[in-house]
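Colleague: Could you take me on a close look at a single part of this one? Pick a strand, and tell me what sits around it.

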Amino acid sequence: MKSLLLAAVGAACVLAGVGAAQAAPLPANGMTVKEVQTWLLDSGYKAEKAKDGEDEYVRSAADGVNFEVHFYDCKKDRCASIQMIAGFDLDEKLTWEKANGWNSGKRFVNCFLDEDGDPWFSYDINLSPGGTREALDDNFGVWLMFLPDMKELAGWK
């Protein structure tokens, strides 16, 4: 009985080690613009570096929605967090009531209106103090999951 228990514990340790070995760690101090661009490209999405003044960001798209990845909490070229942001240029303004309804009924992705009444959606992802590629992919999956709802609220076809 004792040897069976030891064998089970040993097998669990081996399996736990295999799982840990498969997790691809992110750099402890965050990611660079180039690393995020490469991650998106490796994930099958377009990823073009762009600049707004001195600030670099990445342009991408999924499900017919263009979005940008902006970088925050940067020290040198490593950034501790990123923000996905997508905006919709509408002919008819979205109401504050609809935007507030989104924000009170949805988690994770926020909606705000610009001065023209166009909706913008944002989602923040922490990259530091480290993490794994799998966690980053999971966070990105949350963003992707909300794209159809964003299009619906915006009346985007």
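**A close look at strand S4**

Modeller: Happy to. Seven bridges tie S4 to strand S6 (residues 119–126), and the two run antiparallel. One of the facing pairs puts Ile-85 opposite Ser-122 in S6. Keep in mind that this is a predicted model.

Now for the other flank. S4 spans residues 78–87, and strand S3 (residues 65–75) is joined to S4 by seven bridges, again in an antiparallel run. Ile-85 turns up here too, as the bridge partner of Glu-68. S3 and S4 make a hairpin, with two residues between them. One residue to look at in that turn is Lys-76, whose phi is positive, about 60 degrees.

Step back and you get the whole sheet: six strands, open, in the order S1-S2-S3-S4-S6-S5, with antiparallel pairing. The edges are strand S1 (48–52) and strand S5 (110–113), each of which pairs on one side only. From one strand to the next, the twist averages 35 degrees. Further along from S4, strand S2 (residues 55–62) is joined to S3 by six bridges, antiparallel as well. In that pair, Ser-60 faces Phe-67 in S3.

So how covered is S4 itself? Mostly: eight of its ten residues are buried. Two of its polar side chains are worth zooming in on.

Start with Ser-81, which belongs to S4. Its relative accessibility is 8%, so Ser-81 counts as buried, the cut-off being under 20%. The Ser-81 side chain has a polar contact of 2.9 Å with the side chain of Asp-73. Leaving out neighbours within four places in sequence, Ser-81 is in contact with His-70, Phe-71, Tyr-72 and Asp-73, and also with Ile-125, Asn-126 and Leu-127.

Then there's Gln-83, also in S4. Here the relative accessibility is 14%, and Gln-83 therefore counts as buried. The side chain of Gln-83 makes a polar contact of 3.1 Å with the side chain of Asp-124. Not counting residues up to four places away in sequence, Gln-83 touches Glu-68, Val-69, His-70 and Tyr-72, plus Ser-122, Tyr-123 and Asp-124.

What lies across the sheet? Helix H2 (residues 33–42) lies across S1, S2, S3 and S4, and runs at about 10 degrees to S2. Over on S5 and S6 you'll find helix H3 (residues 96–105), running at about 165 degrees to S5.

H2 has another neighbour besides the strands. The axes of H2 and helix H4 (residues 133–154) come within 12 Å and cross at roughly 70 degrees. That angle falls in the 65 to 115 range, so H2 and H4 are roughly perpendicular to each other. On the H2 side, the residues that meet H4 are Trp-39, Leu-40 and Asp-42, and their counterparts in H4 are Arg-133, Leu-136, Asp-137 and Phe-140. Sorted by class, this contact has four nonpolar and three charged residues, with no polar ones.

To pull it back to where we began: S4 has S3 on one flank and S6 on the other, in the order given for the sheet, with H2 lying across S4 as well as S1, S2 and S3.

Notes: Residues numbered from 1 in each chain as written. Predicted model: local features only at pLDDT ≥ 70, side-chain atom pairs only at ≥ 80, totals over all residues. Heavy atoms only, no water. Buried < 20%, exposed > 50% of the residue type's maximum accessible area, 1.4 Å probe, protein only. Helix = DSSP H or I, 4+ residues; strand = E, 2+ residues; numbered from the N terminus. Pairing = 2+ DSSP bridges. Axes fitted to C-alpha atoms, helices over the stretch in contact; angles between N-to-C directions. Contact = heavy atoms within 4.5 Å. Parallel < 35°, antiparallel > 145°, perpendicular 65-115°, else oblique. Nonpolar A, V, L, I, M, F, W, Y, C, P; charged D, E, K, R; others polar. Polar contact = N/O pair within 3.5 Å; in protein donor to acceptor, adjacent residues only side chain to side chain.
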